[in-house]
Amino acid sequence: MSVRTRIDDLWMATRGAVLLAAERLETGVGFNPLDPELRRDPYPYYARLRETDPFHRCRNADGWVLSRYADVLAVLRDPAFS
């Protein structure tokens with residue numbers, strides 16, 4: 001592994017941790033879609049999102065996470081979203 005590759009890996013890990021911390025401060029929830037625990041059992045995470053932040057801005061994924069059925073359905077049916 002080159003030094004540059006190692007530096008890039010450390011930068012990405014640090015950046016991800018900072019984004020997750022900022023997300024937790026803003027919303028009380030940190031959602032990392034690559035977290036092994038989340039991938040193993042996502043249901044507690046989604047339940048927490050539904051209760052605290054159902055339309056969640058996920059900084060690590062640079063997008064939004066919708067956790068309520070009605071919200072997901074509304075977005076999928078709305079032609080303004082693509």
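These legends accompany several close-up views of a predicted model.

**View 1. Confidence across the predicted model.** Let's start with how far the predictor trusts its own work. The mean pLDDT of the protein is 83, and 91% of the residues reach at least 70. Among the elements, helix α1 (residues 3–27) has the lowest mean pLDDT, at 71. Helix α4 (residues 69–77) sits at the other end of the scale, with the highest mean of 94.

**View 2. The hairpin of β1 and β2.** Here strand β1 (residues 55–58) and strand β2 (residues 63–66) run antiparallel, joined by 4 bridges. Two facing pairs help you find your way: His56 stands opposite Val65, and Cys58 stands opposite Gly63. Between the strands lie 4 residues. In this hairpin, Asp62 takes a positive phi near 50°.

**View 3. The two faces of strand β1.** Follow the strand residue by residue and you will see its side chains alternate. His56 and Cys58 point to one face and are buried. Phe55 and Arg57 point to the other face and are not buried.

**View 4. His56 and its surroundings.** This view stays in strand β1, where His56 has its place. Is His56 buried or exposed? His56 counts as buried because its relative accessibility is 0%, below the 20% cut-off. Its side chain makes a polar contact of 2.7 Å with the side chain of Asp53. Leaving aside neighbours within four places in sequence, His56 is in contact with Gly63, Trp64 and Val65, and also with Glu23, Thr27, Val29, Phe31 and Leu49.

**View 5. The largest nonpolar core.** Six side chains come together here: Val29, Phe31, Leu38, Leu49, Cys58 and Val65 make up the largest nonpolar core, which has 6 residues. In soluble globular proteins, nonpolar side chains tend to be buried together. Several core members also appear in the previous view, with Val29, Phe31, Leu49 and Val65 among the contacts of His56. For Leu38, the contacts beyond four places in sequence are Phe31, Asn32, Pro33 and Tyr45.

**View 6. A salt bridge within helix α2.** The model has 3 salt bridges by the rule used here, and this view shows the one between Arg40 and Glu37. Their closest N and O atoms are 2.6 Å apart. Both residues lie in helix α2 (residues 36–40), 3 residues apart, about one turn of the helix. Arg40 counts as exposed because its relative accessibility is 59%, over the 50% cut-off. Glu37, with a relative accessible area of 37%, is partly exposed.

**View 7. A salt bridge at the hairpin.** Back at the hairpin, Asp62 forms a salt bridge with Arg57, and the closest N and O atoms are 3.3 Å apart. Asp62 is the residue with the positive phi, and Arg57 belongs to the face of β1 whose side chains are not buried. How exposed are the two partners? Asp62 is exposed, with a relative accessible area of 59%, whereas Arg57 is partly exposed at 25%.

**View 8. The salt bridge of Arg68 and Asp71.** In this last close-up, the side chains of Arg68 and Asp71 meet in a salt bridge of 2.8 Å, N to O. Arg68 is partly exposed, with a relative accessible area of 39%. Asp71 counts as buried because its relative accessibility is 19%, under the 20% cut-off.

Technical notes
Residues numbered from 1 in each chain as written. Predicted model: local features only at pLDDT ≥ 70, side-chain atom pairs only at ≥ 80, totals over all residues. Heavy atoms only, no water. Core = buried A, V, L, I, M, F, W, Y, C linked by side-chain atoms within 4.5 Å. Buried < 20%, exposed > 50% of the residue type's maximum accessible area, 1.4 Å probe, protein only. Contact = heavy atoms within 4.5 Å. Pairing = 2+ DSSP bridges. Salt bridge = Lys/Arg side-chain N within 4 Å of Asp/Glu carboxyl O. Polar contact = N/O pair within 3.5 Å; in protein donor to acceptor, adjacent residues only side chain to side chain. pLDDT = per-residue confidence, 0-100.
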